[in-house]
4 protein chains.
Amino acid sequence: MRANAGRLVVTCDDRPGVVAAVSRFLFTQGANITESDQFSSDPEDGRFFLRMVFHLDGLAERLDGLRAAFAREVAAPLALGWRIHPASVPKRVALMVSREDHCLLDLLWRARRGELEDAAIGIVVSNHPDLAGAVASFGVPFVHVPNTRALRPQAEARHLELLAGYDLVVLARYMQILSGDFLRDVGAPVLNIHHSFLPAFAGADPYARAKQRGVKLIGATAHYATEELDAGPIIEQDVIRVTHRADVDVLTRLGSDIERTVLRRAVQWHCEDRVLRDRASTVVF
Amino acid sequence: MRANAGRLVVTCDDRPGVVAAVSRFLFTQGANITESDQFSSDPEDGRFFLRMVFHLDGLAERLDGLRAAFAREVAAPLALGWRIHPASVPKRVALMVSREDHCLLDLLWRARRGELEDAAIGIVVSNHPDLAGAVASFGVPFVHVPNTRALRPQAEARHLELLAGYDLVVLARYMQILSGDFLRDVGAPVLNIHHSFLPAFAGADPYARAKQRGVKLIGATAHYATEELDAGPIIEQDVIRVTHRADVDVLTRLGSDIERTVLRRAVQWHCEDRVLRDRASTVVF
Amino acid sequence: MRANAGRLVVTCDDRPGVVAAVSRFLFTQGANITESDQFSSDPEDGRFFLRMVFHLDGLAERLDGLRAAFAREVAAPLALGWRIHPASVPKRVALMVSREDHCLLDLLWRARRGELEDAAIGIVVSNHPDLAGAVASFGVPFVHVPNTRALRPQAEARHLELLAGYDLVVLARYMQILSGDFLRDVGAPVLNIHHSFLPAFAGADPYARAKQRGVKLIGATAHYATEELDAGPIIEQDVIRVTHRADVDVLTRLGSDIERTVLRRAVQWHCEDRVLRDRASTVVF
Amino acid sequence: MRANAGRLVVTCDDRPGVVAAVSRFLFTQGANITESDQFSSDPEDGRFFLRMVFHLDGLAERLDGLRAAFAREVAAPLALGWRIHPASVPKRVALMVSREDHCLLDLLWRARRGELEDAAIGIVVSNHPDLAGAVASFGVPFVHVPNTRALRPQAEARHLELLAGYDLVVLARYMQILSGDFLRDVGAPVLNIHHSFLPAFAGADPYARAKQRGVKLIGATAHYATEELDAGPIIEQDVIRVTHRADVDVLTRLGSDIERTVLRRAVQWHCEDRVLRDRASTVVF
């Protein structure tokens, strides 16, 4: 099934005829559309988003031709932003982590179980050596790159070397700030998990601040990292109910379950080409 | 916006080209597709379901021609089941109720607020007079039709008269059984709310049985009524957490909030042509 | 049952023996403890909170004596803050509202159904006349008190007259700011519903700001009003999942269901003496 | 803190004075009650349940004396069922598993993280050798005991040897039926996770049957195993929303997350002495 499945993603200024043009193109190529989602951010003057999954016999061999034909026949006339991605090729994913293992292990464990089939986790980079052993048992390379405010230039240079060629960088509780330069140069989206329900409690110590404020739900947020801390486009969020009895340790423990769930969904959806950026927010098909 | 919006729903045996044919048809008619959902129940030998929302200038005047053209050019060659429904025409909805007011009032109140714009509630039929006053304040006709096992034939004959011409009959906690003959003859789907998480606790007294079994969540289920009690295709379900402290009265009270929420969603989705039957279950777009 | 039920609530600095002293007192009075909750905010140097429900034959006649004995024998020696409230006497509740009816109607409707048996809603005060008719059908007095920044002094003076003698003031989407003077002088807790998941989106237009930020859940928060806007102790919160498809109108509609649910729980819990203030947050038993 | 903490659990026929007698006893012993929960299943003719957590200096040395005094002074006169458990002594827990690793690994991983401090997992018994390697990395003994309908007598004899001395047996997706004799002889509660929202889909293949019935939520249930399959007292349940798009594989994958969460909560609550059996259901404090 997956061998001949492809995903076509389109973004453009909203105008009539895009769906018809794209589906007619796929039909004339002999493809069968099996999933289709579209969204217009605003009937007047909005952006248009389209994601189609199709099956096409011999997709792998025909991919280059298909892309060229789509560019010429559909994308150029309609001024579309687009990509076609074969479902059989998983995204190359790099993980960055500090000392907390829950997000990291959940991703590695799901990959091993075959539940993250659209992601190929190729490396774990950490600013601490602590999790080397845990990662080793999954057969994924672990690289320790010390990072502090003082070491940041060297660390980021090393990161750029290590992360070259990856399609996605996931900050699975990586607790150092990444510079705007790094985010620009790394050449792949950087997806972060923040341990609060953003925009509440952006920044440091969200669980302690949640306790202080007396909230009755705590949450986690997966978002694309941008230069402004915890302000990037949100992909997924979830919450869990807490009471006055939960101290900061209990909040941290309960929250860690939400963090790993939210991060895993965001990684999976990103790798399935379901997440499209719409200015400061996202469309998730 | 709604004036020129139409909804096209298609069901057929799964085969390639349906999406392309439908979207090309709409494009050549000058329509702009604004929503699109599709589903194939099985890649081999499955059923295919499609729902598109489109905008077409002058839809009201062009509706007959559009339907004729679609039947001739697309539906007949591809052997499609289909309907085209103008979004500006709400479904005519009849409510049936016994003594419990929570589902009924929530629907009437939402209709008054303009939150059920795809439903036009035209009548309330009840086997008890109790809720006549509450209904009167919403300006909807209330008809009392006594119904018991003995009176059922007369009651159902009267129901058929009253409900003629409606597009949907909603059992908003109507506590009498309807016969298979009635369900066949009424000429519209009948949508029921059952006060349990089906298939658990089908039949009478679900909250008392939930208490006895000691479940930790109680629920409600909206489904299409079929001759077999509480066994029809499920449209929507939801649950709420309960503890050992909740007695049957508290379960009933907590459950009533879930019932009205679940029923309202099901009615709304049905009236937006989002619910398609797939044998014993439903596709909800 | 309720006729002889009483609720005893205690707050004090944490120290050993409070539970034993209180329960021994109730036992020697012939009372049977049927519910008991306690919480210590910190094992070192914390505050202690206790709520007991008890049954005592002839409670109504014995109430004054019981209070005097408790004050003398238990509260004074242990330096307790405390109150004893007979469950048969509902709290006198005043509602304030502007134009949105969903929170107001849900409270009135539940009171009529007998679901808010610990609250006696005695008045509705509004800065707009719009909801007079809807309130009239519930048999509750409706008083229109215009209020703007310019009229605030007169409005608040009138409010103080109208609200004298009430045990609780509920802002059921009252969209004018109340002054610190008013909050001090009104002589009852003021409970507000804010249409966001605080501390996110405090202040005006939370749904529009939620849309702009692209959150994937929206929420509502019930809290005690304090002079600082939307910063008072939180009683209850809840959220609902939303997608990129929901515009501000849809967010507002979905959010209104959460608002009324959250507010109703908070009002009910407050009236059952379940909510105790702990500095900037609450203990909810 | 935990060193001197104890848990006292009481069940008896409901009668006045139990709370007072128990709390006075603890106070006179010099204990400080830090948590207290009670429940009466019925004001007339019900059962009464009480759980208190207390701190008492030198608890370990004083435990025998405390128990003897409680038996003599409180339990005997009032005819109480009771136990006193020091919080510093975790329950000895045995896990049984077949081939699915998700429930097992989550429990082992949480124990390693220190999140299951009231459980000491001492052994994993499996009817398949598959998970030996995964368990080895956690330093817990793994014993393979083949089991089929034909081998059941020998298998259960071996189980009784292996499980002797354990306080709790957890069936973490153990897919063989255990006999009534085994359940009686094993000398510890047996806690099972069933992969459906009971009482719906008791027995085999619940996800396939859920798909067939077209439910919109799937769930999991942790319960005490009894001779009647999937009919024992329920401890915890939870659900997750699904759509028509989820096939049986996806249901199984989504469900496995709920299973492990529900099982972990049930194990934790049981080991904290929070779960009391009340005929066919449970009280969970």
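Two strands count as paired here if DSSP finds at least two bridges between them. Keep that in mind for the first exercise, and remember that this is a predicted model.

**Exercise 1. Work out how β2(A) and β3(A) pair, and where they sit in their sheet.**

Step 1: Start with the bridges. Eight of them join β2(A) to β3(A), residues 47–55, and at least two are needed for a pair. The two strands run antiparallel.

Step 2: Pick a spot on the pair. Glu35(A) stands opposite Val53(A) of β3(A).

Step 3: Now zoom out. The open sheet of chain A has four strands, ordered β2-β3-β1-β4, with antiparallel pairing. Its edges are β2 (32–40) and β4 (81–86), each pairing on one side only. From one strand to the next, the twist averages 10 degrees.

Step 4: Add the helix. α2 of chain A (residues 59–78) lies across β1 (5–13) and β4, and runs at about 165 degrees to β4(A).

**Exercise 2. Check whether the span of helix α8 of chain B fits its number of residues.**

Step 1: The helix covers residues 248–271, which is 24 residues.

Step 2: At 1.5 Å a residue, the expected span is 34 Å, because one less than the number of residues is what gets multiplied.

Step 3: The end C-alpha atoms are 33 Å apart, so the two values agree.

Step 4: Look just past the helix, where Asp273(B) takes a positive phi of about 60 degrees.

**Exercise 3. Find the unusual backbone spots in the loop between β9 and α7 of chain A.**

Step 1: Know what to look for. Most residues other than glycine have a negative phi, and most peptide bonds are trans.

Step 2: Check the peptide bonds. Leu198(A) and Pro199(A) are joined by a cis one, with omega about 10 degrees, and Pro199(A) sits in this loop, between β9 (190–194) and α7 (206–213). In chain C, the bond from Leu198(C) to Pro199(C) is cis too, with omega near 10 degrees.

Step 3: Check phi. Asp205(A) is not a glycine, yet its phi is positive, about 55 degrees. This residue belongs to the loop as well.

Step 4: Buried or exposed? Asp205(A) has 13 C-beta neighbours inside 10 Å, so it counts as partly exposed.

**Exercise 4. Identify the symmetry that relates chains A and C.**

Step 1: A turn of 180 degrees with a shift of 0.0 Å along the axis lays chain A on chain C, at an RMSD of 0.0 Å. That is how a two-fold axis relates copies.

Step 2: In chain A, the residue closest to the axis is Ala200(A), at 2.4 Å (C-alpha).

Step 3: Compare the interfaces. Since 100% of chain A's interface residues are also interface residues in chain C, the copies meet through the same surface.

Technical notes
Residues numbered from 1 in each chain as written. Chains lettered and ligands numbered in written order. Predicted model: local features only at pLDDT ≥ 70, side-chain atom pairs only at ≥ 80, totals over all residues. Least-squares fit on C-alpha atoms with pLDDT ≥ 70 in both. Contact = placed C-beta atoms within 7 Å. Axes fitted to C-alpha atoms, helices over the stretch in contact; angles between N-to-C directions. Buried ≥ 20, exposed ≤ 12 C-beta atoms within 10 Å, placed from the backbone.
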